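Trainee: I have a structure open and I'd like to go through it with you. Can we start with one residue and work outwards?
Mentor: Fine, put it up.

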Amino acid sequence: MTQKCVGADLMANEIAIKIKNKIQNQEYQPGEHLTVRKLCKEFGTSETPVKQALNQLVTTGLVVAVPKCGMKVRTFNFQDMKNNWEARLMIEQFCAPFAVEMGRRNEDFMRQSQSLLDQSNAEHDVCIQNYTKENFNILHESDRRFHLELVKCCENDQILEMYENLNAHAGMFVGYRYHTPESLMEVKRQHSEIARQIALCDVEGVRHAIAQHIYTTIQIYRQTMV
């Protein structure tokens, strides 16, 4: 890859991060058109990195490409999010026995899982102590990585692709209006319980902990979004 291409990719990544932050901070509203011309003017750049950035955000589920209408900020409604969470539950529970087996035979997996859990717990603690939109938005990526590590245990590329294409964590930022420090404490506890059940090599325990975690999330959003 040429130096020019590398530079363009880096610029596209930077623009994607800026657009993502604006969506999460609701500076760009759900359903709002994201025109290339407007974004080029806003970020002072050419069309190519802006188009690349928008395409990146389409793959993460924050932006949707609408035929003949261009790019729009995705609108997150409860039913869509519930559908994604239930699909995610099905996949994660399917992967539970693989995670237990991986935990039995692979110390690196257990160390990596614990490291991801520790990072997630630390970010939850910060947000619990200082409940701000900025701190809440930081949680999503570590949460996604923790759950993704479990799904990777099935060692099935097609299942992994299906899981990532759900983009089930994409709309979690809207939860700032619905979560509380108390509910985040419960999320933190549930993450720890999933990890504990894996360490105990209890497949049904892992499945139950995952179900409790996801259905708790669904209930929090149901009570406030519907």
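Trainee: Let's take R189. Is R189 buried or exposed?
Mentor: R189 is partly exposed, with a relative accessible area of 37%. Buried means under 20% relative accessible area, exposed over 50%, and partly exposed in between, with a 1.4 Å probe and protein chains only. Keep in mind that this is a predicted model, where local features need pLDDT of at least 70, side-chain atom pairs count only at pLDDT 80 or more, and totals for chains, interfaces and linings use all residues. Residues are numbered from 1 along each chain as its sequence is written, and side-chain values use heavy atoms, with hydrogens and water left out.

Trainee: Which side chain does R189 meet in a salt bridge?
Mentor: That of E186, at 2.8 Å from N to O. A salt bridge here is a side-chain nitrogen of Lys or Arg within 4 Å of a carboxyl oxygen of Asp or Glu. E186 counts as partly exposed, at 27% relative accessibility.

Trainee: Where do the two lie?
Mentor: Both are in helix α8 (residues 181–199), three residues apart, about one turn of the helix. Helices (H or I, at least four residues) and strands (E, at least two) are DSSP runs, numbered from the N terminus.

Trainee: Why would such side chains pair?
Mentor: Side chains of opposite charge can pair when their charged atoms come close.

Trainee: How many salt bridges does the structure hold?
Mentor: It holds 16. One of them joins E92 and R88, at 2.7 Å from N to O. E92 and R88 are four residues apart in helix α4 (residues 78–105), so about one helical turn separates them.

Trainee: Are E92 and R88 buried or exposed?
Mentor: E92 and R88 are both buried.

Trainee: And what about R207?
Mentor: R207 meets E204 in a salt bridge of 2.8 Å, N to O. Salt bridges with shared partners also link K22, E27 and E42 into one network.

Trainee: Changing topic: how many helices and strands are there?
Mentor: Nine helices and two strands. From the N terminus on, the order is α-α-α-β-β-α-α-α-α-α-α. The radius of gyration is 19 Å, close to the 17 Å that the globule rule gives for 226 residues, so the protein is as compact as a globular protein of that length. That radius is taken over C-alpha atoms, and the rule is 2.2 Å times the number of residues to the power 0.38.

Trainee: What share of the residues is buried?
Mentor: Of the 226 residues, 45% count as buried.
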